[in-house]
Every structure is written in structure tokens, then in C-alpha cells.
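Me: I should like to go through the terms used to describe this model, asking in each case what justifies the term. Please set each value against its cut-off.

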Amino acid sequence: MISRLLSAGLAALLTVTAPAASGAQSTPNEPVAQASDTLFLTLVQAQIHSLVNNPELLATRRLREAAEGRLRQARAYRFNPEVIIESEQVGGGRTLDAYEGEVSQEIEWAGQWGLRKNVAEYGLKSTEATVRDAERLTRAAASGAFYRTLAARSRVTLAVEILALNEQLVVAVSDLLEAGSISVLEANLARIESGRARTRVLEERRNANTARLELRRVLGLPGSQPLRLSSEVPTPPEPSALDPDSLVRIALARRPDISASASRVDAGQSLVSLARRDRIPNLRLSMPFDRLNGPGSGQVGIGVGMSIPLFNRNQGTIAEFQADLARTRFELDAVEMTVRAEVVDAYQRYASAGEEEAVSASSVLEPARFNQGLLDEAFRSGKIDLPTLLLVRNQLLDAELDYWGSWLEFRLEFVRLAAVIAEPLPNQ
């Protein structure tokens, strides 16, 4: 049930747009580029781009090729046959009319070959799970970077709007000062606030550029690649629709790092069995032959050999692998405990962030935007003085910036929750 709820919530994410302030216009101070040079990205496209081009993920995927090579080598029989031929010295020189030699083959007969293949197969499974885990984290990093860039863009837009209002106010205040309606002190306050608004724009642009650079890095794009992000972003599902216990069960069943640890335990068990079998000596079959007295005098024999496990019984290697097996079992327990804690913590943070955004939108943002429209009219009609106007405008600016902070945190916590339960965001 919880999986269906979560999937339904995730599917709904693709149909809801962000607030209007996060429109699709380019961030101020972004380099101007031709339309054909600009890469347009939705959230889903950004995730796919990261899975295809992120260099760290590409490096991790090479581990699978190495594991496939180890499995291929393990499937090949370990020992090659040996052939030795030695010619006899006849009349001061060597001749092939008289020679002796031996063909021999070492044979593992206690199942070592199969156990080595098991170790390599479990190693490949562990590596594949490690790659899936890297994809899980890369997808989450791309989603987080996308949201941070969107929020930074909206904060720049807001800061530019406030700067424009302050510059308009400076012009109006200059006229009032010439008319003697206000004091020089009040006029200077307006100019100071205009300067502060300008520095805020520079700060927000700097933060937006940093966010875009991080997004490009996660997506594996050049640092100079112009981007345009879609404002059509998912709205996370209501936290009340999700059950933490069900989320824990989903995570335990889906998390690739748990699968990787479980495969390492299986490989460790096979290594212990292999170490025990390796103390059993291999058979050595040989076939000596010679032709020492000229043509027609050849002889062929059969030999069977085996080493005696008198000094080396592989006890140290067995103890080493047993200790490694115990360690990997503890690591598996630790990973499962970590996953349980991560899911509970992620859900609690997600629920808290959702409540914070709802309060910010209803109790802070809406009244702030309403009051913003009344400020100039109240000042012109003489209902408030200039210091009060500047004070209230700063409070409204802080309220809007706080809202974008809560907007971003709610979505980042959803990305984290989706990552810890290994439930990817839908990509179509």
C-alpha cells in the first residue's frame, strides 16, 4: 500500500508547477548565448543527464568491467598441462633419435574450481549493487543541484525586483527632498537601502552562479555550458500519506548497498570453503615417455602424484577468511541499522520541512505579498513615514527569502527520502 501511495505521489510530481516567482527566465548575469547553444533541462532530464555523463559515476561503472574480468578468469581452469622433452647426447651432439620427456597435468578434485567461480560471481553481484548505489546517489545529487539552482534563480529575481523598487523610491525621495517634504536624513536612509539592495543582488547572483556550476559538475557538463531550467517541477506528496514503517521495509528490500553487503557475505563464505578445500592436495597425473635406443624403442608410462600436507595445511588463510567473513556479517548488520535510522530520520525531516513550507506560504508569504502592494500607496498618502516604509519593505523581503528557503528544504528533504528508500523519481 505504501509503495503505491509513494509511486502515486511521485507520479503526481510531474504535473504540478512551482510558484510563479520561479519562472523560466534566465538568471541575471548569466552569459548570453544563442538559443541553439543553451541546454534546456527539466528535472527528469537533469537526472538522466547525470546518469549518462557524471564522471564519478562513469568511473564507478568501470568496476563492473573489472569484476566481469575476474569472473571470466575464474571460469578458466587454473592449471595448464606441462610438456617437457629432453634429447639425449649422442656422439658429441644432440639428436631427436634419442629423447625422453613427460606430459603432466595438475588436477583440482575437491571442488576448488567451482568455489572460485562462486567467489567471482558474488563479487560481480556486489559490484553491480555498488554501481546501482552510486546511481542512486548521483540521481539524488542531480535533483538536489537542480532544486538549488531553481531556488537561487528565484532569489535573484526577487532581489532584482526589490532593487528596482528601492531605485524608484530614491527617485521619488529626491523629489520630496527638493520640495522640502522630507529631511536629508530620511533621503539618505532611502539611498542606503538602495545600496544594500544592490549588494543583495550581487550576493544572490554569486550564489546562483555557484549553484549552476555545481549543477553542471554533477551533470558532467562543461563549466561554460549555458543552461535554462524548466520551472515545471514536482510537488512532493503529503508526508501524512506515507508510513515510516512501510518506508523502512521498502528501503531494506531495495537499497543496493544492502545487496552489495549481502553479496560480500556470500563471497566470504565461499572463500572460507575454498581455503579449506585448498589444503587438500591436488592430483598430478603424468605420462613419461622415451626413445633412448633409436626408432622402435619408445616406451610410455603413467604416473600419479600428490603432495603431502605435512607443513602447510592452510590454517592461517582459513583463519584470515573466517575473520573477514565475520567482519562482513557485522558490516551487513551495520548497513541495515544505518538504513533503518536514515529512513526514520529522512521521514521526520521531510514531515517537518513540509509543515515549515506550509506555514511559510500561508502565514508569511501571502500576507507579505499583500502588504507589499499596500506599502507605496500608504507612503504616498502619508499614512506611514519613510523609515517605516523601509523597515516594512525589508521585513517583506526577508519573508520572501525565508519562503524560498523553506520551499527548497522541503524538496531537498523529499529528494533525500526518495534516495534513502531507493525509490527513484519517475523519468517520464
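Me: Why is helix α4 called roughly antiparallel to helix α5?
Reply: In this predicted model, α4 (residues 112-178) and α5 (residues 184-219) pack at an angle of about 160°, with their axes 7 Å apart. Angles over 145 degrees count as roughly antiparallel, and α4 is therefore roughly antiparallel to α5.

Me: What is the handedness of that crossing, and how is the contact of α4 with α5 composed by class?
Reply: The crossing in which α4 passes α5 is left-handed. The contact of α4 with α5 has 22 nonpolar, 6 polar and 11 charged residues.

Me: What makes α4 roughly antiparallel to α7?
Reply: Between α4 and helix α7 (residues 256-278) the angle is about 165°, and their axes lie 8 Å apart. Set against the limit of over 145 degrees, this value makes α4 roughly antiparallel to α7. Here too the crossing is given a hand: α4 passes α7 in a left-handed crossing. The residues of this contact divide into 9 nonpolar, 8 polar and 10 charged.

Me: Which C-alpha distances link residues of α4 with residues of α7?
Reply: Two pairs may be cited. Lys 125, in helix α4, and Ser 259 are 134 residues apart in sequence and 8.2 Å apart in space, C-alpha to C-alpha. Leu 274, in helix α7, has its C-alpha 5.8 Å from that of Gln 112, although 162 residues separate the two along the chain.

Me: Why is Leu 274 called buried and Lys 125 partly exposed?
Reply: Buried means under 20% relative accessible area; Leu 274 has 9% and is therefore buried. Partly exposed covers the range between that limit and the exposed class, over 50%. Lys 125, at 47%, therefore counts as partly exposed.

Me: How do you know that the length of α4 is close to the expected one?
Reply: Helix α4 has 67 residues and reaches 98 Å from its first C-alpha to its last, against the 99 Å expected at 1.5 Å a residue. Just after α4, Gly 180 takes a positive phi of about 75°.

Me: What makes the buried residues of α3 line one face of the helix?
Reply: Helix α3 (residues 55-75) has 21 residues and spans 31 Å, close to the 30 Å expected. Its buried residues are Leu 57, Thr 60, Ala 67, Leu 71 and Ala 74. Seen down the axis of α3, these fall within an arc of 75°, so they line one face. The face turned away from the buried side carries the exposed residues Arg 72 and Gln 73.

Me: Why is the phi of Asn 314 singled out?
Reply: Most residues other than glycine have a negative phi. Asn 314 is not a glycine, yet has a positive phi of about 65°. Asn 314 lies in the loop between β7 and α8.

Me: How do Asn 314 and Ser 307 stand in accessibility, and what decides the class of each?
Reply: With a relative accessible area of 16%, Asn 314 falls under the 20% limit and is therefore buried. Ser 307, in the loop between β7 (303-306) and α8 (315-380), has 49% relative accessibility and so counts as partly exposed. Ser 307 and Asn 282 are 25 residues apart in sequence and 7.3 Å apart in space, C-alpha to C-alpha.

Key
Residues numbered from 1 in each chain as written. Predicted model: local features only at pLDDT ≥ 70, side-chain atom pairs only at ≥ 80, totals over all residues. Heavy atoms only, no water. Axes fitted to C-alpha atoms, helices over the stretch in contact; angles between N-to-C directions. Helix = DSSP H or I, 4+ residues; strand = E, 2+ residues; numbered from the N terminus. Parallel < 35°, antiparallel > 145°, perpendicular 65-115°, else oblique. Left-handed = near helix turned anticlockwise from the far one by under 90°. Nonpolar A, V, L, I, M, F, W, Y, C, P; charged D, E, K, R; others polar. Expected span 1.5 Å × (residues − 1). Buried < 20%, exposed > 50% of the residue type's maximum accessible area, 1.4 Å probe, protein only. Arc of directions from axis to C-beta.
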